[in-house]
Amino acid sequence: MGAEDSVKRPLVFAYYVTGHGFGHATRVVEVARHLILAGHDVHVVTGAPDYVFTTEIQSPRLFLRKVLLDCGAVQADALTVDRLASLEKYSETAVEPRDTILATEVEWLKSIKADLVISDVVPVACRAAADAGIRSVCVTNFSWDFIYAEYVMAAGHHHRSIVWQIAEDYSHCEFLIRLPGYCPMPAFRDAIDVPLVVRRLHKPHEEVRKELGIGEDVKIVILNFGGQPSGWTLKEEYLPRGWLCLVCGASESLDLPPNFVKLAKDAYTPDVIAASDCMLGKIGYGTVSEALAYKIPFVFVRRDYFNEEPFLRNMLESYQGGVEMIRRDLLTGHWKPYLEHAISLKPCYESGINGGEVAANILQDTASGKNHTSDKLSGARRLRDAIVLGYQLQRIPGRDLSIPDWYASAENELGLRTGSPSAEMSDDSFHLPSLPNDFEILHGDVMGLSDTVNFLKSLSELDSFIDSGKSTEKLQIRERKAAGRLFDWEEEIFVARAPGRLDVMGGIADYSGSLVLQMPTREACHVALQKIQPTKQRLWKHTQARHNAKGQGNTPVLQIVSYGSELSNRGPTFDMDLSDFMDGDQPMSYEKARSYFARDPSQRWAAYTAGTILVLMKELGIRFENSISVLVSSAVPEGKGVSSSAAVEVATMSAIAAAHGLNIEPRELALLCQKVENHVVGAPCGVMDQMTSACGEANKLLAMVCQPAEVLGLVDIPNHIRFWGIDSGIRHSVGGADYGSVRIGAFMGLKIIKSVAMGLLSQSSANGVTSDDLEEDGIELLETEASLDYLCDLSPHRYEALYVKQLPETMVGESFLQKYVDHNDPVTVIDPKRNYGIRAASRHPIYENFRVKAFKALLTSASSDYQLTALGELLYQCNYSYSACGLGSDGTDRIIQLVQEMQHSKVSRSVEGTLYGGKITGGGSGGTVCVVGRNCLRSSEQILQIQKKYQDATGYLPILFEGSSPGAGTFGHLRIRRRKQK
């Protein structure tokens, strides 16, 4: 090492290694090896087997201490991470024994007289070092606060303290040595970038092949999953003729066909990778770094819920080293097209691979007293990297923790942006883009919508994109190429459009039967769809290979391309045989459909689109004899609480209906789309999202009583009133645990209220109460309340008079089930071990229904400052009621606070007020805030000021939702055909 001579004495390093996989241990080996070569002692704290270290390092200066201080991500199998189990295991491993761990580690660090603590990337090690008075440095490409924050969305906010504590531990680290392919890591104060840390090669590839008895003419794929996917049997026909597969980590009992060979457990994997023609496995730092370093094409299969993967995948693909395989094709053995494509690649990574040596030099200098970071902390810069993910990890006691947002994280780290922070659709209706000459519109009207014109223009460029191979954003190449092969350009294409929705009033009270007021957004989803004879459909190569392997002829196939996949960490394409929807001679059950789409999480998004076909088959008896090609392009951002999923469902079903001549009224279509979300996707949403997207009108509020979907009509927005949406950057999901638990709590409350009413009736009857003692109307009220279908049919005064004290604040699921048997909600299931909030969840819809009715009445009252003040106050009350249910968030609360500061500022008080109130929208727990104000220039200026102040405080520039557009029913559909070339 270059700094070796300047060091007068051996230094002592304590190197903590996470328990997540061997990849961390193997890269630690490379850094530790260089430290030991420089004459220093390295104490490795690890749960990995000794041979991982001793095979590469034979030195008395290496000390191994077998202690596991974190568990990483718990994997159900080689491709599936169990999010809840990961949080529970971490709590068991690192949270509950935290005090004991800290005391033990501080004592041990002092006993070995450590000069520096290194962590990859054990959080508590940084805190222990600080308590021991020792400097610490992390070496990693990701941190556990980033990984676990995504899991909180599924597991519930009660786990947030885990992520907060991890971030707090990391904040004690002096700086971060950041490896290529890194994720945003906000808790670190500063970062130093180094090249790839890659294990060195021991032997040339010719020697490795010779030892394995494999000739140079044989193609080798190394199967490297860190364990075999469960229920998987390898077969000879999986490989192309003349290929051989070397299997890593195969169990002793596994029987392999002749063209598959088990590698010895102590085989040195880097040598074998370098001697292979390509690698097939899951993405991790070790596999990606070695594939890049040795220029070996990597056929990868996505694993779900591990958030470092998109960043490593993007690095792999940017150097032309990656081919994505669909999980279904991995498990069914359709490998040939992927392997053959892989060996045609020319990986081009030329950057450094000496990160181990570089990192060791930095660590040695740091341990010797050198300061590698500036005196001014650059935490704000690091925070900006992560706030765009949608969670705030500022080190302030009591700071709430939010959820990461894949959409925004990719924008931040990769420099992508599909739309401006205000919107994707131009506000300038006077400069409508010209319609592309390529297409002839045979039916329908673009209605002056610039986003529709732009979609048609992008559609017209697809085939030329494929032909020309012109440069575009690297991450859009696969999407565009796949989309270019979707359609037969000589046949008709149907285009549908469906907007998102801004929840002005009603929100989560929809499932309790409330009146709601919803405004369709300007942002919308476009779907282009073609019904095509199987003989004319251009199949993707892997689809064709699957059909050939099955000996299938011209089978109807559904092929879908979804734009924006990389911004949401999902696969860009999906395909299935339409016959897969059938179970015998009947469509498959919804339960089977949920399992079908859930088996590959990277393609679970397809349930929103493909699910519309199954619902039409089951509910309307439709059968599809032809193939269907679908392109989905949505400007409604995901996770913002503006109904991105409803827009996709409504646009897709509208396009299918148009292409197949189905006459489905907008209301019926919305109800069918709700079935997609409830039964195929498995998200327990109400119907207001789909109804707004299907039945809404531009610049009007859709008034609807959700019992289940009675449209009362459209409410004009007075000219002097305007609504805005301000995105908090915190990802919202109606599939998240918090929304579902509040919904369950409301249905529990309804069941209890009905039981109490029944008890009062029985009690009055048993005591012989007459009409003189109890008014006849009172008995009728109790009878009505004993048979309530919806909580919102109970008036607030009756709730307060008779029932509020009978409702428990909370109740454990098991106790409720024992007493009441069921909560009668068809789309949620009670967890017997979970504690549900009941009183707040029940109170909210009862009062919300009253607030919405008052809001609707106020909109038609005389224009005055009192009118606007009252409207704003109703929004505020709704917002605080959400928070009482546990559906608030730090980001949305901050926006509400900024609105109030604007409202009560001296400037606003001295002149006619501008902004009057705001509320969290939709399912809560993040997402977008709806703001009401006076329709004037000053209000728009204040909205922009709030956007800027929020960015200054958090680093995240909110998306603004302004304006409105027609629902799918009003838009109808376009039928287009490419003009014939003269």
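# Salt bridges, sheets and cores in a predicted model

Modeller: The side chains of Arg200 and Glu56 meet in a salt bridge, 2.7 Å from N to O. This is a predicted model, in which local features need pLDDT of at least 70 and side-chain atom pairs count only at pLDDT 80 or more, while totals for chains, interfaces and linings use all residues. Residues are numbered from 1 along each chain as its sequence is written, and side-chain values use heavy atoms, with hydrogens and water left out.

Colleague: Why is the pair Arg200 and Glu56 called a salt bridge?

Modeller: The term asks for a side-chain nitrogen of Lys or Arg within 4 Å of a carboxyl oxygen of Asp or Glu. Arg200 supplies the N and Glu56 the O at 2.7 Å, so the pair qualifies. The two sit 144 residues apart, Arg200 in the loop between β9 (191-193) and α8 (205-212), Glu56 in the loop between α2 (51-54) and β3 (62-66). Helices (H or I, at least four residues) and strands (E, at least two) are DSSP runs numbered from the N terminus.

Colleague: Is Arg200 buried or exposed, and what about Glu56?

Modeller: Buried means under 20% relative accessible area, exposed over 50%, and partly exposed in between (1.4 Å probe, protein chains only). Arg200, at 38%, is therefore partly exposed. Glu56, at 8%, is buried. Both also belong to a network of salt bridges with Glu30 and Arg33.

Colleague: How many salt bridges are there by this rule?

Modeller: The count comes to 42. One of them joins Asp120 to Arg27, at 2.8 Å from N to O. Asp120 lies in strand β6 (residues 116-120) and Arg27 in helix α1 (residues 21-37), so this pair ties together parts 93 residues apart in sequence. Asp120 is buried, at 1%, and Arg27 is buried, at 5%.

Colleague: What separates Arg313 and Glu309 along helix α11?

Modeller: About one helical turn, because they are four residues apart in helix α11 (residues 309-318). Their closest N and O atoms are 3.5 Å apart, and the pair forms a salt bridge. Both residues are buried.

Colleague: What makes β3 and β9 edge strands?

Modeller: They belong to an open sheet of seven strands, ordered β3-β2-β1-β6-β7-β8-β9, with parallel pairing. β3 and β9 each have a single partner, so one side of each is left without a neighbour in the sheet. The twist averages 20° from one strand to the next.

Colleague: How do you know that β1 and β6 pair?

Modeller: Pairing needs at least two bridges found by DSSP. Strand β1 (residues 12-17) and β6 run parallel and have five bridges, so they meet the condition. One of the bridges sets Tyr15 opposite Ile118 in β6.

Colleague: Which helices pack on this sheet?

Modeller: Among them, α1 touches β1, β2 (41-46), β3, β6 and β7 (136-140), its direction making about 175° with that of β1. Helix α4 (residues 98-111) lies across β1, β2, β3 and β6, at about 150° to β1. Contact here means heavy atoms within 4.5 Å; axes are lines fitted to C-alpha atoms, for helices over the stretch in contact, and angles run from 0 to 180 degrees between N-to-C directions.

Colleague: In what order do the strands of the antiparallel sheet stand?

Modeller: The order is β29-β30-β26-β31, in an open sheet. β29 (915-920) and β31 (960-961) are the edges, each with a single partner strand, so one side of each lacks a neighbour in the sheet. Five bridges pair β29 with β30 (residues 928-934). Helix α34 (residues 937-954) lies across β26, β29, β30 and β31, at about 10° to β26.

Colleague: What is in the largest nonpolar core?

Modeller: Such a core is a set of buried Ala, Val, Leu, Ile, Met, Phe, Trp, Tyr and Cys residues joined through side-chain atoms within 4.5 Å. The largest has 79 residues, and those with the most contacts inside it include Leu558, Phe581 and Phe624. Helix α23 (residues 644-659) gives the most, with 10 residues. A second, separate core of 59 residues includes Val42 and Leu196.

Colleague: Where does pLDDT stay under 50?

Modeller: Residues 467-473 are one such stretch, with four contacts beyond four places in sequence. pLDDT is the predictor's confidence in each residue, from 0 to 100. Where it is low, the predicted coordinates should not be read in detail. The mean for the chain is 86, and 87% of its residues reach 70 or more.
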